[in-house]
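Reader: I'm new to this one and would like to learn how to read it. Could you walk me through it step by step?

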Amino acid sequence: MKNLNWGHGLMIALGCFILFILFLILVFPLGKQNAEMISKDYYEEELMYQDVIDAKSNAAELKEIPTYKATSAGMEITFPQAVKADGNKVDFVLFRTEDSNLDIKKEIILQNSKFVIPKNVISNGSYTLKLKWTENKKPFQVDYDILWK
């Protein structure tokens, strides 16, 4: 076997470096997740964020807040009897953290202070549930982080 001199070592090091760079260029991007903006109107929504802060602080002052639980039918949202939404209308957003195509946004009419988000429209993963309503023209908002299985 031939002796390994500094020239051979340099060529081996250069070859390893080139292979490492090719790995970073070709293989590493395959594991990247979708990097889309949270909302298409992100900047306009950010300007109106004080309204969200006010709605959340109004909700924090309530003695009882809406609750959620997983049932066989889906996700059941229950509002306390003390909460009387104007026109019984509640907006909810089930915001999917990883994929905006799985977001669910609806305005519903409360019946018996409850509503159910069917399990067939919710896929497994991490969500943020945002409940928004007004009571006597005063806005309220409650957010929950949910891991749906």
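Reader: Let's start with one residue. Where is the place of Gln141?

Author: Keep in mind that this is a predicted model. Gln141 sits in strand β7.

Reader: Is Gln141 buried or exposed?

Author: The idea is to look at the relative accessible area, where anything under 20% counts as buried. Gln141 comes out at 6%, so it is buried.

Reader: Which residues does Gln141 touch, leaving out those up to four places away in sequence?

Author: They are Val52, Ala55, Lys56, Ala59, Lys130, Leu131 and Lys132. There is a closer look to be had at the side chain too: Gln141 and Asp143 are joined there by a polar contact of 3.0 Å.

Reader: Leu131 is on that list. What does Leu131 touch in turn?

Author: With residues up to four places away in sequence set aside, Leu131 touches Pro66, Ile77, Phe79, Asp91, Phe92, Phe115, Phe140, Gln141, Val142 and Tyr144. Leu131 also belongs to the largest nonpolar core, which has 24 residues. Together with Met75, Phe79, Phe115, Ile117, Leu129 and Trp133, it is among those touching the most other members.

Reader: Which strands supply this core?

Author: At least two residues each come from β2 (74–78), β3, β4, β5 (114–118), β6 and β7. The strand that gives the most is β7, with five residues.

Reader: How do strands hold on to each other in a sheet?

Author: In general, they pair through backbone hydrogen bonds, and the pairing can be parallel or antiparallel. Here, an open sheet of four strands follows the order β4-β3-β6-β7, and the pairing is antiparallel.

Reader: Which strands stand at the edges?

Author: Those are β4 and β7 (138–148). Each has a single partner strand, so one side of each is left without a neighbour in the sheet. As for twist, neighbouring strands of this sheet are turned by 20 degrees against each other on average, direction ignored.

Reader: How many bridges join β3 to β4?

Author: Six, and β3 runs antiparallel to β4 (residues 104–109). You can follow the pairing residue by residue: Val93 stands opposite Lys105, and Leu94 stands opposite Ile104.

Reader: And what joins β3 to β6?

Author: Six bridges join β3 to β6 (residues 125–135), again antiparallel. On that side, try finding Arg96, which stands opposite Tyr127.

Reader: Why is β3 described as largely enclosed by the rest of the structure?

Author: Count the buried residues along the strand. In β3 (residues 89–96), six of the eight are buried, so the strand is largely enclosed by the rest of the structure.

Reader: Now let me step back. What does the secondary structure of the protein come to?

Author: Three helices and seven strands. Reading from the N terminus, the order is α-α-α-β-β-β-β-β-β-β.

Reader: What radius of gyration does the protein have?

Author: It has 26 Å, whereas a compact globule of 149 residues would be near 15 Å. The box filled by the C-alpha atoms, taken along the principal axes, is roughly 90 × 40 × 25 Å. Of the 149 residues, 27% count as buried.

Reader: And what about contacts between residues 24 or more positions apart?

Author: Take the contacts with a separation of 6 or more: residues 24 or more positions apart account for 57% of them.

Conventions. Residues numbered from 1 in each chain as written. Predicted model: local features only at pLDDT ≥ 70, side-chain atom pairs only at ≥ 80, totals over all residues. Heavy atoms only, no water. Buried < 20%, exposed > 50% of the residue type's maximum accessible area, 1.4 Å probe, protein only. Pairing = 2+ DSSP bridges. Axes fitted to C-alpha atoms, helices over the stretch in contact; angles between N-to-C directions. Polar contact = N/O pair within 3.5 Å; in protein donor to acceptor, adjacent residues only side chain to side chain. Contact = heavy atoms within 4.5 Å. Core = buried A, V, L, I, M, F, W, Y, C linked by side-chain atoms within 4.5 Å. Rg over C-alpha atoms; globule rule 2.2 N^0.38 Å.
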